[in-house]
Each structure stands twice: as C-alpha cells, then as structure tokens.
Amino acid sequence: RHGHDQDEDDGHDEKGGQPVPIIETHGFTVHIDRHAGTVYEGVGADGRPFRVVQQVPYGFLPGVIGDDGEDYDVYAGPRQDAERVYVVTQCRASTGHYDEQKAMLGFESAEAAATCYGAHTAPAMLGRMGSLPLDAFRAQVQAWRANPTGPFRAETDEDAAELVALDEIDAFAEERAAYAARISALEAELKVMRETSYAASA
C-alpha cells in the first residue's frame with residue numbers, strides 16, 4: 001500500500017477485488033495488505049529505486065479511519081505477549097510534513113519496533129515514536145468506534161505527558177500575567193502616592 005519512500009495515496013484495492021486476508025492478533029481483526037516475505041519495489045520520491053522485503057504482516061484495522069482518510073495501518077509483529085503498542089508518527093519523505101500514524105503491534109521494545117519500521121521505509125519518514133499499553137490502545141480504538149468524530153489518532157503516554165507539560169506552561173503563563181498586572185497596579189499606586197506627597201510638600 002505504501003512504498004519504501006514514496007508519498008502514495010492509493011487505497012486498499014491493489015488485490016483487484018480479491019478477498020483480503022485476515023488475521024487475529026492482540027485482540028484485533030487485521031486485514032492484511034502484505035504478508036511477511038512479500039517483495040515490493042519501485043521508484044521513490046527522490047527518484048531512487050527501492051526494493052523491500054516485507055518482514056512482518058502489514059495491514060489495517062477495517063473501519064478505523066486514520067489521518068490519511070484510509071483505514072488505520074498496522075504492522076503485526078511476532079510477539080503475542082507484547083504488552084505495549086508503539087505508535088509511529090510518519091512524515092512524508094518529500095516534504096517532512098506529518099502524514100499519518102502507524103501502529104506497531106507485537107514488538108518487545110521500542111528498538112525492535114523502530115528497526116522493523118525502518119526496514120520498510122525511508123529514514124525521513126520516521127517522525128517520532130511513542131507507546132502506550134495494549135489495553136489503552138484497545139480502549140481508544142473502541143471509544144473511537146463508538147463515536148467516530150474525525151480521524152482516529154492514538155494518544156501515547158508521551159502525548160499525554162506533553163499535554164500535561166503544556167497545561168503547566170499555560171498555568172504558569174497565566175500566573176506570570178497576573179503577577180505582571182499586579183506589579184503594574186502597585187507601580188501606578190506608588191506613582192500616585194509620590195505625586196501626592198510632593199504636592200503636599202510644596
């Protein structure tokens with residue numbers, strides 16, 4: 001579906017109407033675009049040819065719409081006992097701008113997930129990667145299915161921590177503005193007191 005370092009926008013129709021293979025993994029039904037061992041090649045956005053051998057099954061969560069307007073993409077790793085989901089923020093190789101998320105299920109560590117992702121994409125496409133517990137990811141998907149407002153975007157632990165930090169910054173900024181306003185008011189009062197004192201002395 002997505003080439004090595006291409007900026008493609010095609011959908012899940014490359015099978016020419018043939019039934020889409022389905023697997024069950026980590027509590028999800030995943031429709032598979034490419035099985036492990038699939039070889040795909042072409043020319044990237046930079047004009048260089050590429051050839052990639054799919055290392056793990058790659059597909060999508062049917063009916064869960066991502067930021068690209070298509071079903072949310074998933075790499076299905078080998079570890080069925082993995083308790084965390086690693087979420088890649090993918091960028092477009094040609095511009096560096098945000099493209100979409102990719103969920104990495106079944107990986108034992110962030111390093112393993114990043115290595116697998118990097119084996120299938122150009123380095124410029126990896127924006128950042130966060131993670132969250134598998135149960136939390138399931139809950140977020142279920143919540144989106146119950147109320148699909150806008151595209152689904154997983155919120156990782158890192159995203160949550162960033163939001164907390166931003167809230168703290170906003171709170172500090174408000175406090176600083178309040179202190180600045182109080183200081184200005186006190187300075188104005190002091191100016192009036194001094195002018196009144198000078199006038200009385202004269």
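**Group meeting: a walk through the fold**

Hi everyone, let me start with one cysteine: C91 is buried, at 13% relative accessible area. Buried here means under 20% relative accessible area, exposed means over 50%, and partly exposed is in between, with a 1.4 Å probe and protein chains only. What we have is a predicted model, where local features need pLDDT of at least 70, side-chain atom pairs count only at pLDDT 80 or more, and totals for chains, interfaces and linings use all residues. Residues are numbered from 1 along each chain as its sequence is written, and side-chain values use heavy atoms, with hydrogens and water left out.

Staying with cysteines, C116 is buried too, at 4% relative accessibility. How many disulfides does the structure hold? Zero, taking a disulfide as a pair of cysteine sulfur atoms within 2.5 Å.

Now the overall layout. Of the 202 residues in the chain, 34% are buried. The secondary structure comes to three helices and nine strands; these are DSSP runs numbered from the N terminus, with helices being H or I of at least four residues and strands E of at least two. In order from the N terminus, the elements read β-β-β-β-β-β-β-β-α-β-α-α. Among contacts with a separation of 6 or more, 60% join residues 24 or more positions apart, a contact being heavy atoms within 4.5 Å.

On to the sheet. Seven strands make an open sheet in the order 1-2-5-6-8-7-9, with mixed pairing; two strands pair if DSSP finds at least two bridges between them. Strand 1 (22-25) and strand 9 are the edges, each pairing on one side only. From one strand to the next, the twist averages 35 degrees. For that angle, axes are lines fitted to C-alpha atoms, for helices over the stretch in contact, and angles run from 0 to 180 degrees between N-to-C directions.

Strand 6 is a nice place to look at both senses of pairing. Strand 5 and strand 6 run antiparallel, joined by five bridges, and I65 stands opposite D71 of strand 6. These two strands form a hairpin with five residues between them, and G69 in the turn has a positive phi of about 80 degrees. With strand 8, strand 6 pairs in the parallel sense over four bridges, and there V74 stands opposite A103. Is strand 6 mostly covered or mostly open? Mostly covered, since six of its six residues count as buried.

Back to C91 for a moment. Strand 7 and strand 8 are antiparallel, with six bridges, and the bridge partner of C91 in strand 8 is Y98. Helix 2 packs on the sheet, touching strands 2, 5, 6, 7, 8 and 9, and its direction makes about 45 degrees with that of strand 5.

What about the core? The largest nonpolar core has 18 residues, and F28, L61, Y72, V85, F137 and F152 have the most contacts inside it. A nonpolar core is a set of buried Ala, Val, Leu, Ile, Met, Phe, Trp, Tyr and Cys residues joined through side-chain atoms within 4.5 Å. Helix 2 gives this core its largest share, four residues. Leaving out residues up to four places away in sequence, V85 touches A103, M104, L105, G130, S131, L132, L134 and F137. Another core, of twelve residues, lies apart from the largest one, and Y75, M104, A122 and M125 are among its members.

That brings me to helix 1. Its buried residues are A113, C116, Y117 and H120. They fall within an arc of 95 degrees seen down the helix axis, so they line one face of helix 1; the arc is that of the directions from the helix axis to the C-beta atoms. E111 and T115, on the other side of helix 1, are exposed. Strands 3, 4, 6, 7, 8 and 9 are included in what covers the buried residues.

Just past that helix, A122 sits in the loop between helix 1 and strand 9. A122 is buried, with a relative accessible area of 9%. Its C-alpha is separated from that of C91 by 9.9 Å, with the two positions 31 residues apart along the chain counted as their spacing.

One last stop: E41, in strand 3. E41 is exposed, with 57% relative accessible area. Setting aside neighbours within four places in sequence, E41 is in contact with F50 and R51. E41 and R51 are 4.2 Å apart, C-alpha to C-alpha, and ten residues apart in sequence. Thanks, everyone!
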